[in-house]
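Work through the exercises below with the sequence and the model open. Each task is followed by a solution in steps.

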Amino acid sequence: MSLRARVVAHAGAFTLAAELTVASGETVALVGPNGAGKSTLGQCLAGLLPLDDGDVLLDGRVLERPAEGIRLPPQERGVGLVFQDRLLFPALNARDNIAFGLLARGMPRRAARRAADGWLERVGLTAQADLHPDQLSGGQAQRVALARALATEPRLLVLDEPFAALDVAAQRDLRRLVAGVLADGDGVKLLITHNPLDALTLADRVVIMEGGRVVQCGDADDIRRRPGSAYVATFVGLNYLRGTLRRGPTGISVDTGSGQLRVASTDLPDGAAVVATVHPRAVLLSLTEPATSARNTLYGRIATIDRLDDRVRVTVDCRPLLIAEVTDEALGMLRLVAGMPVWALVKATEIDVQALGAS
Amino acid sequence: MSDSDGPLDRVLGPQRPRWLLGAVGLSAAFFALPLVGLLARVPWRDVPTILARPAVLTALTLSLAVAAMAMIGALLLGLPLAWVLARWQFRGRLLLRGLVMLPMVLPPVVAGAALLAAFGRRGLLGVWLAGIGVSLPFTTAGATLAATFLATPLFILTVEAGIAGLDPRLEAAAATLGAPPRLILRQVILPALRPALVAGIALAAARALGEFGATITFAGNRPGVTQTLPLAAYELLQTDPDAALAVSLLLLLISFALVLLAWGSLRPGPGAGPAPR
C-alpha cells in the first residue's frame, strides 16, 4: 500500500498546496504551526474537503483528480480519520460506536457487535462497553475513537492530534497504544501532531508544513541536522537521543549506540528503552579540553553551523551527535568554523530521560 | 457544607440571595394563582359525569385527532425548515426565520383571517382548491390546518436549537467510516436529535391542543367537525360554567403533562440510552 497525494485546495484566503508520498507500512508525522494546513490536508485525503487541483492515489487507485472529474466520496475511500475531539456518536454506547463502521459495510449487527467487543478488549475498555460518550473520560473516548477507525481496517489511517486535550497520564497510556497501532500492519499512517517528541518517536519520517506548504521532510536525524526554518529549529530544537538505560557501578548512563551519556538519577530499570533529551542551550562548547563539573565531555569536529534568525546552531559530530545553540557573540569570539575540533559539555542534570512510549 | 460556598461566593456573596428568592416566590405565585383559582372552582364531584357527556367526548376525540395530525404536520413541514435554518447560510435566512416564527406571535384571530384569505372559498388558493372540489374552511381538515399553522413554529424553534447543537463533523466522521447518508441520518442524526424532536413534538401538540382563535375564525365552531375542546370550553362558559371548568381542568392536565414531557426530554442526561452499570 502507498499514498501519493498532490493536494491543491483553497479555503477562503488560505491555500493548501502540498505533496505527500507515504510508503506502505510507513508512518509519517505531519507537523507544523497552527494554521499550517495539517488538518486540512488530512480532511482532503479523507474526502471531507474537495481538491481544486492535483490528485490523491492510494494503492494506485485514484481517489480524487479534479482535472478528470474524479472524486470518490469519503465512504468509498478507505481512509480512517481520528479527530482530536473524538466525535463519538453521542446516542450510541462505546460498543455501538465501534460497530458503526462495520454495520455501514453491511456486517450483520450481531457479528459487528462481537467484533466491536474484540476491539474494546484490545484497547482495554471491556468494562466500558455499555457507556455512552459523555460517560467516558477523555482518554477512554479517544481509545474508542481509535478502535472505531481501526475496526473498518482503513488503508490510510489519519490521526489528527490524538493526544491533545488529554491529561498527562491518559496521554501516556494512549501513546503506548498508538505506538503499537502505528508499528503494526502494512497500511499507510499519518500522525498529525505539534509535539516534537511524538513526531520523532512514533513516526518513521517527519513532514513539516508551514503556510499550507510542505517545507521540509526527512527522518528525524535529517531534520535535526538541517532545520529548514526557525519553526523547524524550534520544533526539533531538542537534542533527542534514543538509547538503552545502563545502571553501572559508576553511575547511570544512556547508551545511544554511537556513544554514552551520563545522566542524573531516574527510576527506570537497567536495560529500559529510553529517550534522552537535551536542550541545545544546555550544550556548551570549548576549544580546549575542559576540567569542569560537567559529567559529559565529548570531543568531535563541528559538522555544520546554521544561523536562524538570532540563533546559531552548531552541530558537533561527537558520539552521540549533539547540537549546541550559541550566541552570535560566542561564535565570533571562539571563531568557530565547520571542521574545527571542539569539546561539547553537558551536565548530567540537564539531560531529561523518559521511557520510550512503545516499550 | 452549605450549597452556596463555592470559590466565587467570597467575591459575589451567596449565590441564592434572599431578595431573589422573594422575587421568585412572587413570580411563581403570579403563575400559580390562576391555576389555583381554577382548581378551587372546579366542581370535583361532577367532573366524571361532565367529561363523560357525549358532546365533551366528541370534542375531546376531535381535539386529540386534530392535535395528532398537527404533530405530523409540524414534523413534516418543520424538520426540513429547522435543518435549513440551523445549517445553511444564505441570503434571506433572517426573512425566512421571521416568516416561520410569525404565527407564534401573531394574534391567532389574525392568523385565522390570513388562512381564510389564502384558503377560504374566495381565497388566493381557495378558488383553485374549490375548482378541484376541495373546501377547507369549516372542515376538520381546516381545523387541522389552523392548528398546524400555529404549532409548527414552536416545533421548529425547539428542533432548530437541537440541530444547531449537533456537530456537523459527526456526519463527516460517520462518512469516513463508510456510512451512506441514510444510515447517518438513522443512526447518528436522529438519535442525537431525539430529545429535541420529542420536546418539539410535545410542545407542538400542546400548542395545537390549545388552539382557539385561528380555529374559530377559519374553521368555525361546528360540534363534531371543528369544535375542539377549547371551543367547547368557551361555549360552555356561557351556558354551563361548571362544565366549562371541568373541561378546562382536562385541558390543563394534558397541557401540563406535555410541557413536562418536553422539558424532561431536553434535560441533559447520560446519552439517550440505558443508565451506566
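**Exercise 1: core contacts**

Task: leaving aside neighbours within four places in sequence, list the residues in contact with A:Leu20.

Solution. Apply the contact criterion, heavy atoms within 4.5 Å. The residues found for A:Leu20 are A:Leu3, A:Arg4, A:Ala5, A:Val28, A:Leu30, A:Leu41, A:Leu45, A:Leu190 and A:Val207.

Before going on, note that this is a predicted model, in which local features need pLDDT of at least 70 and side-chain atom pairs pLDDT 80 or more, while totals for chains, interfaces and linings use all residues. Residues are numbered from 1 along each chain as its sequence is written, chains are lettered from A and ligands numbered from 1 in the order written, and side-chain values use heavy atoms, without hydrogens and water.

Next, place A:Leu20 in its core. A nonpolar core is a set of buried (under 20% relative accessible area, 1.4 Å probe, protein chains only) Ala, Val, Leu, Ile, Met, Phe, Trp, Tyr and Cys residues joined through side-chain atoms within 4.5 Å. The largest such core has 94 residues, and A:Leu3, A:Leu20 and A:Leu45 have the most contacts inside it. Helix α10 (residues 181-210) of chain B contributes the most, 14 residues; helices are DSSP runs (H or I, at least four residues) and strands likewise (E, at least two), numbered from the N terminus. Another core of 37 residues lies apart from it, and A:Val82, A:Leu103, A:Trp119 and A:Phe163 are among its members.

**Exercise 2: a helix pair**

Task: at what angle do the axes of α2 (residues 18-41) and α13 (residues 241-266) of chain B cross?

Solution. Fit lines to C-alpha atoms over the stretch in contact, and take the angle from 0 to 180 degrees between N-to-C directions. The axes of α2(B) and α13(B) cross at roughly 130 degrees and come within 9 Å. α2(B) is therefore oblique to α13(B), since angles under 35 degrees count as roughly parallel, over 145 as roughly antiparallel, 65 to 115 as roughly perpendicular and the rest as oblique. From α2(B), the contact uses B:Leu35, B:Leu38, B:Leu39 and B:Arg41; from α13(B), B:Leu245, B:Ser248, B:Leu249 and B:Leu252.

**Exercise 3: backbone exceptions**

Task: which peptide bond is cis, and where does A:Pro320 lie?

Solution. The bond from A:Arg319 to A:Pro320 is cis, with omega near -5 degrees. A:Pro320 sits in the loop between β18 (311-316) and β19 (322-326) of chain A.

Task: is A:Arg86 buried or exposed?

Solution. A:Arg86 has a positive phi of about 65 degrees although it is not a glycine. Its relative accessibility is 16%, so A:Arg86 counts as buried.

Notes. Buried < 20%, exposed > 50% of the residue type's maximum accessible area, 1.4 Å probe, protein only.
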